Amino acid sequence: MMSELSPMTLEKFMEGLVKRNPKEPEFHQAVLEVAEVVIPYINLHPKYIRSRILERMTEPDRTLIFRVCWEDDEHHIQVNRGYRVQFNNAIGPYKGGLRFHPSVNLSILKFLGFEQTFKNSLTQLPMGAAKGGANFDPKGKSEWEIMRFCQSFMTELSKHIGEDIDVPAGDIGVGAREISFMFGQYKRLKNEFTGTLTGKGLEFGGSLIRKEATGYGCVYFMEEMLKNNNDSIKGKRCLVSGSGNVALYATEKLIAVGAKVVTLSDSSGFIYVPDGIDQEQLEFVIELKVFRRGRLAKAAEHFKWEYHPDKKPWGVPADLAFPCATQNEIDVGQADLMIKNGIRAVAEGANMPTLSTAIKKFQNAGVLFAPGKASNAGGVAVSGLEMTQNSLRMAWGKDDIDLMLRSIMGDIHQQCLRYGEEAGNIDYVKGANISGFKKVADAMLAYGVV
Ligand code: NDP
């Protein structure tokens with residue numbers, strides 16, 4: 001006889017998770033954001049309690065940790081730690097970026113891999129979830145040092161990935177250059193040409209619009225949120241943080257749709273441009289930051305922009321905010337300031353840039369808030385399209401892919417509306433998490449206990 005199921009409680013679930021995963025604060029934070037909205041949903045659908053789906057979803061399928069040795073230009077041997085967290089492949093091959101940054105550790109990669117489960121599910125494309133990287137800092141390294149590091153990293157990683165197994169992409173510190181070095185090494189080791197990495201160069205299987213996709217998609221999502229509130233993006237003053245791949249292509253799209261981007265930042269400070277950055281200035285910054293990994297202060301010097309060292313841009317009055325740098329960029333004090341200064345909507349370009357307490361502030365103040373797993377899903381969506389093109393051995397045109405990206409972002413917005421209704425308002429955090437959860441959970445149920 002099966003005993004009566006007791007409902008799940010958030011406190012008990014989180015207590016167990018923290019106990020099983022000690023000293024992983026970012027992972028706890030990412031799970032809590034999901035559990036807060038998904039547990040009430042699970043309690044209405046006991047089949048998920050019986051199969052312990054949330055407990056299974058918060059345990060990665062496997063975690064790989066490996067040594068990466070390489071030789072620097074002075075012939076000294078360097079040792080880094082490499083990781084791949086293969087989180088969940090219920091709905092497709094593992095898929096997610098690689099991050100090269102000195103702060104990389106297991107907690108950060110588990111939070112990113114867990115988030116990826118929901119994000120990839122929201123795209124409706126057949127992609128599971130993973131994340132990986134190394135505590136390697138590409139800043140200040142020569143081209144050859146980066147190449148040797150990437151080759152050594154891939155020598156181990158290649159044993160665990162494949163076009164139908166796990167398909168990595170870029171993230172912080174991993175752009176087109178690093179992906180190319182890794183793809184070259186993978187191809188050499190395996191003696192095969194398959195789409196095992198995404199974000200590749202256009203000459204060797206990369207997709208048009210992939211590098212722009214996260215930033216463009218984030219702007220498309222913001223447009224959907226505003227449209228649903230009878231508003232539009234044209235003429236809005238926007239705060240963008242970061243000046244990497246996501247931030248700069250979000251800026252490009254914002255300029256194209258007639259908004260004004262008044263700030264950008266990097267880990268050393270932010271620039272303030274009251275009249276908005278123009279396309280020509282943006283191209284200079286892209287060259288400086290994306291291709292040469294330089295400092296934003298150089299652009300400020302060049303264009304005589306106001307520069308605020310060691311500060312974040314959140315105190316500048318504006319209408320919309322796009323946090324696009326890294327996790328935990330907006331705390332509750334900054335959220336208060338942004339609300340006071342007139343921010344009406346926030347779309348996360350980065351993963352988990354807003355602390356949970358700050359999210360609640362925004363929601364309570366009626367600020368539209370889009371969590372990264374919905375608003376930054378455009379990057380992985382076009383990676384999914386890159387995988388399809390590689391499998392078909394063909395390439396789609398730019399306009400076709402942009403249309404598909406728009407339609408995927410529109411569809412994610414619809415899913416948020418469907419599952420996020422809350423007392424006449426839309427809670428995008430609830431909508432994204434429940435919709436992302438449902439698809440993966442139902443696949444896991446169908447497989448039985450595996
Ligand atoms: P990049 O490496 O291209 O750029 C990262 C930017 O963030 C740089 O401006 C960097 O400044 C800044 N930054 C990094 N760490 C910190 C820090 N600790 N404090 C302040 N600023 C920091 O990365 P991406 O643009 O690719 O990624 C940005 C965010 O978007 C990440 O959260 C990533 O996970 C997320 N994301 C990326 C996707 C993609 O397609 N690339 C897809 C979905 C999400 P500096 O130059 O000084 O280091």
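Which residue follows α11, and what is the sign of its phi? In this predicted model, α11 is followed by Lys304, and the phi of Lys304 is positive, near 55°. The helix just before that residue makes a handy starting point for a walk through the structure.

Helix α11 spans residues 296-303, and among its residues Leu296, Ala299 and Ala300 are buried. These three cover an arc of only 100° around the axis, so they sit on the same side of α11. That fits the usual helix geometry: with 3.6 residues a turn, residues three or four places apart point the same way. The face turned away from the buried side is where the exposed residues Lys298 and Glu301 are found. As for what lies over the buried residues of α11, the cover includes three strands, β7 (260-266), β8 (269-272) and β9 (306-309), along with helix α10 (279-291).

Those strands lead straight into a sheet. β7, β8 and β9 belong to an open sheet of 7 strands, laid out in the order β9-β8-β7-β6-β10-β11-β12 with mixed pairing. At its edges stand β9 and β12 (368-370), and each has a single partner strand, so one side of each is left without a neighbour in the sheet. On average, and ignoring direction, neighbouring strands here are turned by 15° against each other. Strands of a sheet pair through backbone hydrogen bonds, either parallel or antiparallel. At the β9 end, the pairing of β8 with β9 is antiparallel and runs over 4 bridges. Ile271 has Tyr307 of β9 as its bridge partner.

Further along the order, β10 (residues 320-323) is hidden on both faces: Leu320 and Phe322 point one way, Ala321 and Pro323 point the other way, and all are buried. The back-and-forth is what one expects, since in a regular strand the side chains alternate between the two faces of the sheet. Strand β10 has parallel partners on either hand. With β6 (residues 237-241), β10 pairs in the parallel sense over 4 bridges, and Ser241 is matched with Pro323 of β10. With β11 (residues 345-347), which also runs parallel to β10, there are 2 bridges. Here Leu320 stands opposite Ala345 of β11.

A second open sheet is built from 5 strands in the order β1-β2-β4-β3-β5, again with mixed pairing. Its edge strands are β1 (62-71) and β5 (166-169), each of which pairs on one side only. Neighbouring strands in this sheet are turned by 20° against each other on average, direction ignored. β1 and β2 (residues 77-88) run antiparallel and are joined over 10 bridges; Arg62 finds its bridge partner in Gln86 of β2.

Strand β3 (residues 94-100) of that sheet contains Arg99. Despite its charged side chain, is Arg99 buried or exposed? Arg99 is buried, with a relative accessible area of 4%. Its side chain makes a polar contact with the side chain of Asp171 at 2.6 Å. The list of residues that Arg99 touches, leaving out those up to four places away in sequence, also includes Val104, Ile108, Leu112, Ile172, Val174, Thr326 and Gln327. Gly132, Gly133 and Ala134 are touched by Arg99 as well.

Asn390, in helix α15 (residues 378-392), is another polar residue worth a look. Asn390 has a relative accessible area of 16% and counts as buried. Its side chain makes a polar contact with the side chain of Lys200 at 2.7 Å and reaches the backbone oxygen of Gly205 at 2.9 Å. Besides Lys200 and Gly205, Asn390 touches Gly195, not counting residues up to four places away in sequence.

Finally, the cysteines. The structure holds 0 disulfides. For Cys150, the closest cysteine sulfur is that of Cys69, and at 15 Å it is too far for a bond. Cys416 tells a similar story: the closest cysteine sulfur belongs to Cys218, 13 Å away, which is also too far for a bond. Cys150 is buried at 0% relative accessibility, and Cys416 is buried too, with a relative accessible area of 0%.

Terms used
Residues are numbered from 1 along each chain as its sequence is written. This is a predicted model: local features need pLDDT of at least 70, side-chain atom pairs count only at pLDDT 80 or more; totals for chains, interfaces and linings use all residues. Side-chain values use heavy atoms; hydrogens and water are left out. Buried means under 20% relative accessible area, exposed over 50%, partly exposed in between (1.4 Å probe, protein chains only). The arc is that of the directions from the helix axis to the C-beta atoms. Contact means heavy atoms within 4.5 Å. A disulfide is a pair of cysteine sulfur atoms within 2.5 Å. Two strands pair if DSSP finds at least two bridges between them. Axes are lines fitted to C-alpha atoms, for helices over the stretch in contact, and angles run from 0 to 180 degrees between N-to-C directions. A polar contact is a pair of N or O atoms within 3.5 Å; within protein, one must be able to donate a hydrogen and the other to accept it, and residues adjacent in sequence count only if both atoms are side-chain atoms.
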